[in-house]
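Hi,

Here is the structure I promised to pass on. Have a look at it first, and then read on for what turned up.

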Amino acid sequence: MRYLNKEQVISKLMRRNKKDYLIVDGYNIINAWDELKDISITDLEHAREKLIDAIIEYAEFTGRLGIIVFDAYNIKSCKEKIEKRKNITIVYTKEHQTADSYIEKFIGTLSKYDDVKVATNDYAEQQIVLGKGASRITSRELKLDLENAKSKIKEKNTSSYKKIQRNWLEDRLDKETLSKLENIRRNC
């Protein structure tokens, strides 16, 4: 019989309660994706919403907890605002706080057993994220992950639809055989 010490028990419990996170540097991704960048020129709110919708869909499909951080570094008297929607959290940082500094601080609060991905194209931020034990993905990799998830969702929905469709015998038999079966049914 093998006994575990206190640290081993805690370690096992922490691994069992591990969470998967996707943390997104919001404005960094908006400025990296051409379609969102074009939208943001005339309607920044709409670009944010499109990114939020994409991350919600991704989080629901993958089971990851999504966190999108938008910084308010240059906005006067802005207080931190946290909004929860479905499987994601949207953070608007306070005045003089960058998304990078918020992300770094947040990663520091997580368990070493949590699986953390940070989406940003900021090279300095990527290095800090890697140093804190998280993994980084570029905006391009995030876009590919989202597209892959969307195609799997579509595939899953299509296969579910096919399962619902009935498989009728009358669709497989020729008219003569159907006629004979109908006569037998009526004569019984």
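Let me start with a small puzzle: does Lys37 count as buried, partly exposed or exposed, and why? Lys37 counts as partly exposed, because its relative accessibility is 39%. You'll find Lys37 in helix H3. If you want a distance to check in your viewer, the C-alpha atoms of Lys37 and Tyr27 are separated by 9.3 Å, with the two residues 10 apart along the chain.

Before you go further, please keep in mind that this is a predicted model. The mean pLDDT of the protein is 84, and 83% of the residues reach at least 70. Confidence is highest in helix H2 (residues 26-32), at a mean of 95, and lowest in helix H1 (residues 6-16), at 60. Where pLDDT is low, the predicted coordinates should not be read in detail.

Now the overall layout. The protein has eight helices and six strands, and along the sequence they follow the pattern α-β-α-α-α-β-β-β-α-β-α-β-α-α. Of its 188 residues, 32% count as buried.

Strand E2 (residues 65-70) is a good place to get your bearings. E2 is mostly covered, with five of its six residues buried. Strand E1 (residues 20-25) runs parallel to E2 and is joined to it by five bridges. Strand E4 (residues 88-92) also runs parallel to E2, again with five bridges between them. Gly66 ties this picture together: Leu22 stands opposite Gly66 of E2, and in E4 the bridge partner of Gly66 is Ile88.

On to the pockets, which I guess is what you'll open first. The largest pocket has a volume of about 270 Å³. It is lined by 15 residues, and those closest to its centre are Trp33, Glu35, Ala54, Leu146 and Lys150. Helices H3 (34-42), H4 (44-62) and H7 (139-164) are the elements that each give two or more residues to this lining. By type, the lining of the largest pocket splits into eight nonpolar and seven charged residues, with no polar ones.

What is the volume of the second largest pocket? That pocket holds about 160 Å³ of space. Its lining has 13 residues, and Gly66, Ile67, Lys84, Thr89 and Phe106 lie nearest the centre. The elements that give two or more residues to the lining of the second largest pocket are E2, strand E3 (81-85), E4 and helix H5 (99-108). So Gly66 comes up twice: as the partner of Ile88 in E4, and among the residues nearest the centre of this pocket. The lining of the second largest pocket divides into eight nonpolar, three polar and two charged residues.

One last spot for your list is Ser111, which sits in the loop between H5 and strand E5 (115-119). Why does Ser111 count as buried? Its relative accessibility is 18%, and the cut-off for buried is under 20%. A polar atom of the Ser111 side chain lies 3.0 Å from the backbone nitrogen of Tyr113.

That's the tour, so over to you.

Cheers

Notes: Residues numbered from 1 in each chain as written. Predicted model: local features only at pLDDT ≥ 70, side-chain atom pairs only at ≥ 80, totals over all residues. Heavy atoms only, no water. Buried < 20%, exposed > 50% of the residue type's maximum accessible area, 1.4 Å probe, protein only. Helix = DSSP H or I, 4+ residues; strand = E, 2+ residues; numbered from the N terminus. Pairing = 2+ DSSP bridges. 1 Å grid on protein atoms, 1.4 Å probe; cavity = no way out; pocket = protein on both sides within 12 Å on 5 of 7 lines; lining within 4 Å. Points joined across faces, edges and corners; volume = space filled by probe spheres on them. Nonpolar A, V, L, I, M, F, W, Y, C, P; charged D, E, K, R; others polar. pLDDT = per-residue confidence, 0-100. Polar contact = N/O pair within 3.5 Å; in protein donor to acceptor, adjacent residues only side chain to side chain.
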